Structures are given as C-alpha cells and as structure tokens.
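Please examine the sequence and the model shown below. The paragraphs that follow move from the chain as a whole to a few selected places within it.

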Amino acid sequence: MTVEEAIALVEGLLDRGRLTKVQEAVFRQSWKGETYSKIAKETGYDAGYIKDSGAELWQALSKALGEKVSKQNIAGALQRYARKPIVPLESVSGVSRTQPTDGGDASDETRWVEREVLVKKLTEKVQANCRVLILAGLTGIGKSSLAIRLSLEPQILQTGLVVKVIRFDAERSTFEAFAQQFLKQQISSASEFDRSPEQLVNDLVMYLQTQPCLCILDMVEEILEAGDRGELKYKDPCFTKFFDRLLEAELMPSRLILTSQDRPPTIAQGRYKERSHLEELKGLNPAEAIELFRVWEVYSQRQEEIEYLQRIIEVYEGHPLALSVIAGEIRESPYRGNIQAYWYDYGQEIEEIEQQKNAADLRSNTDSMTLTHYSVNLTDLVKYRIERTFTRLSASSPLAYILLCMGATYRCSVERTAWLTLIADAPKESQIIAFQTLQRRFLLETDRTVDRILYRLHSLIRSIALQHLTNPDLPESL
C-alpha cells in the first residue's frame, strides 16, 4: 500500500473531510518512520503541537479501525484493515489454507470466505470487460476498504495497472479538479478549460487509454445532486460525458472503481451493460461477524458469550463499522476482552431493542432505540458518519427526508403502499419521487415473501431517524 492509498483510506475511515495540513504531514512522515521532533523541524511547527496532533489522529483511527493504533504500527494496522479476514479458510470444510510463496507468515494468507466469493467475482469482472465497477451501500459498510482490497489482489497487481486513489469532497466536485490530477502538464489554466470542456474530457479518456490505470474514486456521492424529479445527477455534467466516453471507447485498458452511498446515474444509457457493474454491499452474516470479532481479539469462550455476540450482531445487522467499534470497546479497558462484563453494562439496551423489534404493534414513534448512543464511541460513530447522510438528504430532498423519518415508526417490513400513505398529503408524483429517492440512496432494505417485496430501514438508520422525529425543524406534517 502506498502512502497515497493509505491517506485515502484514512480519510474514508474518518469521514471528516480531508486531513488537515498538519495531520497529513504527521501521517506522511510517520509512514516513513520519522520522529516527532524531525517532523516538527521539517514543518516548522512546535514539537508539542505535532505530538498532540499525532496523538489525536491515532486516537481517531483507533476508534475507526477497532484496534489500538500508534505512530509505530499505523502501516500494519491499515494493511490488516484493507485485507481484513473474516472466516479462515481452514475452518471451512473441504478448503485448506493457501501456503505463502514468499516465505512470509501463513497467517498473512488468511482470506475472506463469504466476502472472498465476492472479491473473486469482482476481480474477474475488473480483469475482463468491466471498465467501471461501482461499490454502493450505507456508510461504514466497507466500500472503501473493499476497493483497496481489490487493488491489492495478485491478479490485479499482475496487470501492471498504476493505482490512483482520488477521494471527492463537496468543495472539490468539478471535473476540472478531477482531471487535473491526471493531466497536470496539459492543463495550463482554468480559462482554457472554460473554452473547451469537451477537449478536457477527450484528453482524459485518451490519457486512460494510453497510460493504463486502476482509478479508485472514493465518495462519489459528494459529486452528485438531486434533479427535479429526485433523480441523481452529477453536479458537473462533464462527469456524465466522461463516463459515457469511457464506456463507448473501442479500447480502454484502464479500470475505475467507484464507491458511493448513492446510486450514480446510469452510464451511456445502459447500452454497454457488460462494461459496468453495480454491487450493493450488505452487512456481514452472523458466522462472518463472529470470526471478525476473533480477528479483533475478542474471543467467546462459552456458549453464553457467543449468544451475546450473536444478539449484538443481529441488532446491528452485521454492520462492519459499528461492530468494529463495539469490538474495540470490549477489547480495551475496562472490559479487556470480558464479553460478560460488557453485556452486564449494555445488554439491557440490546434487550430493549429486541423487544421493540418483536413488538406486536406495526408502528411506533416512541421506541427508545438507544442503538446509536448507548456508548460514547457509537455516539461518535453516528455523529461523524451516518448523520451526514441525513443532512445531505434533508437539504436535497425534503419530502424524502420526511418519509425516511416517518418510515422509522414501522417496526417491521411493510409494502410500498404503506410507505406512500405516510406522505399521502403530498401529490402522488411527489410521493413516488420521494420513495425512489430513498431507494437510490440505499436507505431502504428489502425483504421478500413468496409474491411480495417489503421495505424497511436498517437498524442503525431507523435508530437515527427516530431521533430526528423529535427535531423541531421538521415540518408540522410530521
């Protein structure tokens, strides 16, 4: 993993925008093994300030990664996260562990099982004719780490593609800023771009044809906006032209991996289905998540402890980021791996949520749903990650935001018509647009019966939406 890939992964994990100038300097030099005093000397900052900035950064990363991070182990921690194993191959019947070929520790070759199937499928697509791979889903579900994981696959490395990682933010959402990261030598001034945006698109497509790259474009939702009918479109139309040309080109050795919380617009009107693929990521299944706790050094010794973990996993629907925070809490002081002690403190909240989910009443807007704030670390997780999704939705699609909050009163999956009745006072077309907006942003989970599709909110999303129901700024119709 290069330092640029590492920085992109760190910024995706923290989800607070780009690192500050000082944080990036501390990270880059720490990656090289430099001391704080040398970093201070080279940057011109006070040594105490540099040390404090580093300590704050490592603490934030410790929460995000679910393990203790320090200046000395940051490279190893990120490598482990990017290649996070879930179920060791040797634990699956009929499959043996792959032996390393470079003399390294065999544990480094531990692979994912359920996710390994996904990694293999996506790797084959990137190797074949899929030019644009889109990884979409809820924040914290593992999109960024999976993108990095794919770039590290031996089959991808053997292609010789140069890996470039670009992370978007709201302030850098223009195509010109994106293209400049490839075409620095060819773009002489902003005025030149103003005269010929078409040429810039063509130049970038040609660059990717002649200089093969594997481009990871992280947080694509930041360059999207809602259209008049709730459809998502690129803020800068040049992105639409770029992706269309990328698929239309007769020859394209480069590959793009996009990560997004929202569903990006269809490329080239869907004419080249084999050249693009959207993969919606879901949470881990119970077996994967139990093994993941073991990877995070949380070991269940008794059946009772396994059941406690299983109940936590079920309540959080296998959400990797939430589970990593919980694993870190169990592993560190004061619990130090004692699952029983952790359950003694927080089990009552989990039990309350289980009772709410199993309640006979279809709807309730009085559920306590303490899922997101029964511990300090999970409160921080919500503050910095999931709340951003709500903020963007309320600004771009107010009716969809209202529907999301009102839909949280459903304790179980219900039909589409039941959702639309929640905003029955709005025009029919607006109701449909609002519902589709939630679908495009992957905020609705689906459950299937024999002849129907039912819709509900993910447990974490519902928990926050119930809190938003008490927001005094919501329209009176709520």
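This is a predicted model, and the mean pLDDT of the protein chain is 81, with 83% of the residues reaching 70 or more. The confidence falls below 50 over residues 84–114, a stretch that nevertheless has 57 contacts in the model beyond near neighbours in sequence.

The overall composition comes next. The secondary structure of the protein chain consists of 21 helices and nine strands. The chain has 478 residues, of which 52% count as buried. If one takes the contacts between residues at least 6 apart in sequence, 72% of them join residues at least 24 apart.

One pair of helices may now be considered in detail. The axes of α13 and α14 come within 10 Å and cross at roughly 115 degrees. On the side of α13, the contact is made by Pro-286, Ala-289, Ile-290 and Phe-293, while α14 contributes Ile-306, Leu-309, Gln-310 and Ile-313. What is the character of the residues in this contact of α13 with α14? Seven are nonpolar, one is polar and none is charged. A general property of helices is useful here: an α-helix has 3.6 residues a turn, so residues three or four places apart point the same way. The crossing of α13 with α14 is right-handed.

Between these two helices, α13 (286–295) and α14 (303–315), lies a loop that holds Ser-300. Is Ser-300 buried or exposed? Its relative accessible area is 15%, and because the limit for a buried residue is under 20%, Ser-300 is buried. Leaving aside residues up to four places away in sequence, Ser-300 touches Glu-305, Ile-306, Leu-309 and Ile-339.

Another helix, α18, spans residues 398–407 and is mostly covered, with eight of its ten residues buried. Among the buried residues of α18 are Tyr-401, Leu-403, Cys-405 and Gly-407.

Finally, the cysteines deserve attention. A disulfide is a covalent bond between the sulfur atoms of two cysteines. How many disulfides does a search of the whole structure find? The search finds zero. Why does Cys-215 not form a bond with Cys-213? The closest cysteine sulfur to that of Cys-215 is the one in Cys-213, at 4.7 Å; a disulfide requires sulfur atoms within 2.5 Å, so the two are too far apart for a bond. Cys-215 counts as buried, at 1% relative accessibility. Cys-238 is buried as well, with a relative accessible area of 6%.

Note on methods: Residues are numbered from 1 along each chain as its sequence is written. This is a predicted model: local features need pLDDT of at least 70, side-chain atom pairs count only at pLDDT 80 or more; totals for chains, interfaces and linings use all residues. Side-chain values use heavy atoms; hydrogens and water are left out. Helices (H or I, at least four residues) and strands (E, at least two) are DSSP runs, numbered from the N terminus. Buried means under 20% relative accessible area, exposed over 50%, partly exposed in between (1.4 Å probe, protein chains only). Contact means heavy atoms within 4.5 Å. pLDDT is the predictor's confidence in each residue, from 0 to 100. Axes are lines fitted to C-alpha atoms, for helices over the stretch in contact, and angles run from 0 to 180 degrees between N-to-C directions. A crossing is left-handed if the near helix is turned anticlockwise from the far one by less than a right angle, and right-handed if clockwise. Ala, Val, Leu, Ile, Met, Phe, Trp, Tyr, Cys and Pro count as nonpolar, Asp, Glu, Lys and Arg as charged, and the others, Gly among them, as polar.
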